[in-house]
Each structure stands twice: as structure tokens, then as C-alpha cells.
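Reader: Hi! I'm new to this and would love a friendly walk through a structure. Could we start with the cysteines?

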Amino acid sequence: MIDPIFALSPLDGRYAAAAEALRPVFSEYGLMKARVRVELEWLKALAAAPQIAEVPPFSAATVSEIDAVMRDFDLNDAAAVKAIEATTNHDVKAIEYWLKQRFADHAEIATAAEFIHFACTSEDINNLSHALMLRQARDEVLLPKLDEICAKLREMAHALADVPMMSRTHGQPATPTTLGKEIANVLYRLQRQIKQLQNQECLGKINGAVGNYNAHLSAYPDFDWENHCRTFVEQALGLTFNPYTIQIEPHDYMAELFQILARINTILIDFNRDVWGYISLGYFKQKVKEGEVGSSTMPHKVNPIDFENSEGNLGVANALLGFLAEKLPVSRWQRDLTDSTVLRNMGVAAGYTLLGWVAHLRGLNKLEANPAALAADLDATWELLAEPIQTVMRRYAVPQAYEQLKALTRGKDGITPESLRQFIETLAIPAEAKQELLALTPALYIGKAADLAKRI
């Protein structure tokens with residue numbers, strides 16, 4: 001075993017722990033285990049079909065043993081497959097030969113040995129294996145981590161719903177919001193994409209060399225292969241059947257899935273940058289970790305490293321996800337091999353995605369709001385009330401309302417509560433409206449922000 005310090009990819013070295021949950025799914029071992037499952041489920045389906053007389057129905061004990069081999073496929077089994085592949089130079093054929101060896105002493109299965117990989121091209125096995133791997137990674141690793149992020153964001157949105165905050169549009173002081181509402185915005189964006197990720201179909205096919213059941217029909221011309229294969233894909237494997245393919249399943253669903261992940265990553269990149277800025281402004285403090293160093297020369301520093309780490313790794317992930325989504329649906333004629341080597345990098349894209357999410361969540365858990373800094377920012381920016389004052393003036397038909405407030409506040413330094421009070425006192429508007437404006441402060445001018453944050 002090579003020491004992780006020599007790993008070519010940081011996913012297998014420096015960041016190995018963060019990507020650990022994906023390793024059993026997307027590794028060479030994970031692909032082998034998925035292939036074994038597809039091959040053996042296909043054998044079971046053939047044995048269960050009365051029309052395939054040459055494969056008698058398996059006994060319950062045999063089915064149980066087959067299921068155990070699928071479930072318990074381990075590193076020793078994988079090593080045995082690799083040893084066979086050293087001779088065959090074909091990874092799928094090595095699985096077939098290993099299975100025949102594995103069950104050579106089992107009478108029921110040995111009798112049906114030639115029906116292992118029956119009528120299949122390698123892509124029949126591979127496309128179903130990849131679909132199983134993607135579904136497993138999504139359901140068991142990616143969605144649970146997104147749930148953790150969403151739970152933290154929801155907690156923060158609710159806890160900080162009433163904490164006023166000055167917005168910045170074009171980097172300039174703008175209408176106040178609340179810290180919780182800004183977090184709720186991010187959570188809502190994520191929730192939409194997560195729903196699409198949950199609902200994304202994973203497609204599969206098992207229709208032969210060019211998608212027409214040619215070999216199947218040559219052996220059993222009267223058998224309804226299309227219906228049999230549909231049932232196999234949908235019921236035995238729980239995938240969505242694709243009835244129209246060339247040799248490969250065309251990977252459109254993969255592109256869709258990768259693009260959803262990229263959109264999730266983009267939302268988090270956006271938020272990473274915003275939080276980085278809020279930390280810089282002092283809106284958030286970061287919990288200090290004992291023994292951690294922020295700078296090699298400046299001892300005082302507490303850097304927003306988790307959000308920077310997340311942003312960088314999500315950028316790498318999106319570069320890979322974008323390439324996968326663009327390349328995989330493209331194949332010359334009925335089949336070329338360019339997708340084969342590219343598909344081996346699904347785990348790399350997912351790994352950098354997970355790594356970015358882990359860093360983002362770690363950063364969120366270090367944040368502490370700084371209400372004093374938020375309040376000081378608002379209290380120093382009374383010109384923010386130009387908007388509500390001119391809007392009330394418009395309601396009561398005061399001429400040139402916008403222009404008057406523009407002249408009073410735009411580009412002016414030192415707008416004070418007193419200067420605004422003097423201006424409001426001169427307005428020809430109802431006394432009640434005037435009193436409401438006089439009672440307004442930047443911290444109170446938050447609209448429905450708090451309610452919206454609490455509702456998420």
C-alpha cells in the first residue's frame with residue numbers, strides 16, 4: 001500500500017478522510033462489486049424465466065448463496081478478479097470468468113455457467129453498474145451531507161432572523177435586510193436543486209451490442225426480451241429502463257445529474273464568497289480552534305480558510321462536472337471508447353464536490369454573528385432611509401419626491417438622524433405618516449425580512 005503522502009490526488013492523500021464515504025462506491029473495487037451484482041441479478045432473472053428452459057429455476061438455497069456473493073464481495077475477491085484481468089486485459093470478461101470459477105463447485109449454477117453474461121455486451125453490464133454507483137453515492141453520501149448543510153442553514157436563518165444587517169448592492173450601502181433572511185435565500189436555492197437531485201432518474205439498458213436484442217433473439221426468437229429486460233432493469237435493479245439506445249446508454253441522465261450537482265456547487269461558491277466578505281466586515285466572528293495558526297507571520301489572524309477551501313474545491317468539482325456533462329452524451333456512431341476512461345473520473349468529481357461541502361459545513365459551524373458590528377454599520381448609514389421617505393412622499397403626491405431625496409442624500413457624507421428629522425418635519429404629509437417616518441431607524445427598516453427568514 002502506497003503511503004498517502006505519495007498520493008497523486010489530494011482526494012487520496014491530504015483530503016482522504018473527507019472523501020472516505022465515496023471510496024467504496026466509485027473505486028475500482030466499487031465498480032467491480034456493482035458489476036458482480038448486475039451479472040448475478042441477470043443470471044437470476046434468466047433462471048426465473050420459464051421460457052429459458054436451459055436454466056432451471058434456482059432453489060432458494062442457491063438464490064441465497066448468489067445474494068451472499070453479491071453482498072459479501074470483498075478485497076480478496078477483487079484481487080482475484082484483477083489477477084484474471086492480467087490475462088484477459090478486459091475487466092468485464094474478468095468478472096465473468098471469476099464468477100464461473102467462484103461457482104464451479106455449485107451444481108445448479110455450474111450447469112448454467114454459460115448463461116453468466118448471456119447475450120450481453122460489456123456495456124450492458126457497465127451502464128447498469130454506473131447507474132447503481134451514482135444512485136448509491138447520491139442517496140447514501142451526497143444527499144445526507146446536503147441535509148446536514150441545509151439543517152445548519154435553517155438553524156442559522158431562524159436564529160438570526162431578527163438581526164438587522166445593511167445590504168450592499170454594487171458594493172454600496174443599500175436597503176437593510178436581516179442576517180437570517182440572507183441565509184434563508186441560500187437555503188431556498190439549495191432546496192430547489194436538492195429536489196431535482198432527489199428526483200433525477202438513473203437510466204439503464206441491457207439490449208445488446210447496438211440496442212436491438214440481436215443476440216437475444218438469435219437464441220430465443222419467441223421470447224419477449226424487451227419486456228423481460230425492462231422488468232429486470234426496473235424491478236431487480238430499481239433503475240429507469242431506457243428502451244432506445246445504441247451500444248451504450250447515452251448518458252443524458254448523467255449529464256443532468258452532474259449539472260444539478262454543479263448548480264448546487266455554484267450556489268455554495270456564491271455563498272462562500274459572501275460569507276468571506278461578511279467575516280471581513282466583522283458581521284461574523286469565527287470560533288478559534290486551539291493550536292490552529294492563521295498566518296505564519298501574523299499571529300493575530302483568524303482566516304476564513306474553510307470557505308476558501310470550499311470555494312476552491314467546488315471550482316475543481318465544477319470543472320470536472322462540466323466536462324463530464326458535455327462529453328459523456330457524445331459517442332461516435334454506435335460506440336466509441338472515449339466515455340470508458342472518462343467515466344472512471346465520476347468519483348473524482350463527486351469527491352471534490354463532497355470535499356467542498358464538508359469544508360463549507362465546517363466553516364458554518366465556526367461562525368458567530370457579531371450584532372454590535374452589524375448595528376454600528378447601520379447606525380452610521382442613515383441615508384438608507386431615503387428610500388422609505390421618498391416612497392411615502394410619493395404616496396401623498398409630494399412633487400419631485402425622488403429628486404428631493406437624491407439632492408439631500410446622494411453622495412453626501414454625514415447624513416444624520418437630525419438632518420433627516422428636519423427634512424421630514426417640512427413635508428406636507430399626514431401627521432400619522434410623518435410620525436411613522438420620524439420613528440424609523442435603519443435597523444427597523446427591514447420589511448418582511450424577519451418573517452421570511454423564520455418561515456423557511
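Author: Happy to! A disulfide is counted here as a pair of cysteine sulfur atoms within 2.5 Å. This is a predicted model, where local features need pLDDT of at least 70, side-chain atom pairs count only at pLDDT 80 or more, and totals for chains, interfaces and linings use all residues. Residues are numbered from 1 along each chain as its sequence is written, and side-chain values use heavy atoms, with hydrogens and water left out.

Reader: Thanks! So how many disulfides are there in the whole structure?

Author: A search of the whole structure turns up zero.

Reader: Why does Cys-229 have no bond?

Author: Because the closest cysteine sulfur, in Cys-120, is 8.1 Å from the sulfur of Cys-229, too far for a bond.

Reader: And what about Cys-150?

Author: For Cys-150, the closest cysteine sulfur belongs to Cys-202 and is 20 Å away, which is also too far for a bond.

Reader: Is Cys-229 buried or exposed?

Author: Buried means under 20% relative accessible area, exposed means over 50%, and partly exposed is in between (1.4 Å probe, protein chains only). Cys-229 has 0% relative accessibility, so it counts as buried. Cys-150 is buried too, with a relative accessible area of 5%.

Reader: Cool. New topic: where is His-106?

Author: His-106 lies in the loop between helix H6 (91–102) and helix H7 (107–111). Helices are DSSP runs of H or I with at least four residues, strands are runs of E with at least two, and both are numbered from the N terminus. At 16% relative accessibility, His-106 is buried.

Reader: What does His-106 touch?

Author: Leaving out residues up to four places away in sequence, His-106 touches Thr-62 and Glu-65. Contact means heavy atoms within 4.5 Å.

Reader: Now the strands! How do S1 and S2 pair?

Author: Strand S1 (residues 164–169) and strand S2 (residues 172–178) pair in the antiparallel sense, over five bridges. Two strands count as paired if DSSP finds at least two bridges between them. Pro-164 stands opposite Thr-178 in S2, and Ser-167 is opposite Ala-174 in S2.

Reader: What sits between the two strands?

Author: S1 and S2 form a hairpin with two residues between them, and His-170 in the turn has a positive phi of about 60°.
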